[in-house]
Every structure is written in structure tokens, then in C-alpha cells.
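Subject: Structure for your review

Dear colleague,

Please find below the structure that I am handing over to you. My notes on its salt bridges and on one of its helices follow directly after it.

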Amino acid sequence: RTITVIDQQLLDITFTLDGAVGGNSTRDIRVTVGTTPTIVQVSFIGKIGTATGVILPTAATQGCITVKDVHHSIARSGTPIASGARYTLAVALVQGDSNDDNVVDIVDFASFVAARGTVVPTNHPANFNADVAVNNADLSFISVNFFQIGESCSGLTTGHPLARIS
């Protein structure tokens with residue numbers, strides 16, 4: 001019998017999507033530790049999704065981590081908690097960012113308008129509630145979170161929401 005010791009730690013993340021999400025979807029979630037991003041595909045049943053065994057660099061304690069749904073949310077940051085031999089993190093993702101610029105603004109609204117009234121996959125960037133259509137239910141995510149900016153571990157926010165395009 002061989003035992004292999006790997007110089008890494010594991011993180012289990014529970015995600016909750018904001019707003020009224022009724023459909024199931026698979027979403028690309030960017031998990032950033034330090035300056036190293038990793039894309040993890042997460043299956044959501046309604047509002048809840050989990051990623052298990054996300055690899056972290058070995059450290060005495062784990063610091064801040066940011067997570068972001070690449071096509072739907074702004075970034076949220078958090079510090080994982082040691083839980084036995086693994087770390088855990090629970091994050092609520094604020095949706096409305098369909099173009100991955102980490103702000104909810106007029107550009108996201110334009111993406112919604114371009115897709116409004118169409119049948120789309122559950123993970124389409126303008127389909128925030130994970131049903132099969134882009135409609136006013138999806139607009140609610142943009143309107144409620146308009147001008148929101150994603151978090152960072154440094155405390156500095158990047159990006160500037162646009163109110164209009166000329």
C-alpha cells in the first residue's frame with residue numbers, strides 16, 4: 001500500500017445565489033487565492049451550489065479568497081474556516097454582472113436588452129434566475145444590484161460602473 005503526501009490543502013465552498021432562482025444550472029466560478037485564479041464548474045440546484053476539494057496552497061492559516069460567477073455575479077471575498085482536515089467557506093453571490101467586469105451597470109443592462117425575449121440555456125450570461133428565457137425576472141437582478149461593485153481581498157475596488165454609454 002502506497003501513501004502519497006501532497007503539499008496542498010483542500011477547500012469546500014458553499015455558494016448561495018441572490019434573488020429568486022428557480023432553475024438548476026452549471027456555472028463557471030472563479031476562485032482566486034492570492035493572485036492565482038482557478039475556474040471551477042459548480043452545479044447549482046436552485047440557489048445552492050457546492051465545490052468540494054478546491055486546491056489551496058499549503059499555509060499555516062488561509063487568508064482571504066475571492067469567488068465570482070464569471071457570467072453572472074460580482075466578486076465576493078471571505079476567509080475560509082478550518083474544519084477538520086479541510087477548510088470551508090460560505091459565500092452569497094450578488095448577481096447582475098453579465099460581462100465579467102465586476103460591476104453591475106448599463107453594459108449589463110444592454111446585454112439583457114439584446115437577449116430579452118429569447119430562449120437561452122440556463123447558464124446564459126443574461127439569464128440570472130436559471131430558467132430558459134431572458135425576461136423581466138432577469139432584469140430584477142440588474143435593477144436591484146445596479147451600481148454594485150465586487151469585493152477584493154485588498155479592500156480596493158476595481159472597475160467603475162457606467163450610468164450611460166454614448
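D69 and R27 are both buried in this predicted model. Their side chains meet in a salt bridge, with an N to O distance of 3.0 Å. D69 belongs to strand β5 (residues 65-69) and R27 to strand β2 (residues 25-33), so this pair ties together parts that are 42 residues apart in sequence. The structure holds 6 salt bridges, and several others deserve a description here.

Strand β2 also contributes R30 to a salt bridge with D100, where the N to O distance is 2.6 Å. D100 sits in the loop between β8 (86-93) and α1 (106-115), so its pairing with R30 ties together parts that are 70 residues apart in sequence. Are these two partners buried or exposed? The cut-off for a buried residue is a relative accessible area under 20%, and exposed means over 50%. D100 has a relative accessible area of 28% and is therefore partly exposed. R30, at 22% relative accessibility, is likewise counted as partly exposed.

D100 has a further partner in K68, as these two residues form a salt bridge whose closest N and O atoms are 3.0 Å apart. K68 lies in strand β5 and D100 in the loop between β8 and α1, so here the parts tied together are 32 residues apart in sequence. With a relative accessibility of 5%, K68 counts as buried. Which residues do the shared partners join into one network? The network consists of R30, K68, D97 and D100, joined by salt bridges that share partners.

I turn now to helix α1, which comes after the loop that holds D100. At the start of α1, D105 places a side-chain oxygen within 3.1 Å of the backbone nitrogen of V107. Within the helix, I106, D108, F112 and A115 are buried. Part of what covers the buried residues of α1 is α2 (136-144). Just after α1, the backbone at G117 adopts a positive phi of about 85°.

For your own inspection, I would suggest beginning with the pair D69 and R27, which joins β5 to β2, and then moving to the network of R30, K68, D97 and D100.

Yours sincerely,

Your colleague

Technical notes. Residues numbered from 1 in each chain as written. Predicted model: local features only at pLDDT ≥ 70, side-chain atom pairs only at ≥ 80, totals over all residues. Heavy atoms only, no water. Salt bridge = Lys/Arg side-chain N within 4 Å of Asp/Glu carboxyl O. Helix = DSSP H or I, 4+ residues; strand = E, 2+ residues; numbered from the N terminus. Buried < 20%, exposed > 50% of the residue type's maximum accessible area, 1.4 Å probe, protein only. Contact = heavy atoms within 4.5 Å. Polar contact = N/O pair within 3.5 Å; in protein donor to acceptor, adjacent residues only side chain to side chain.
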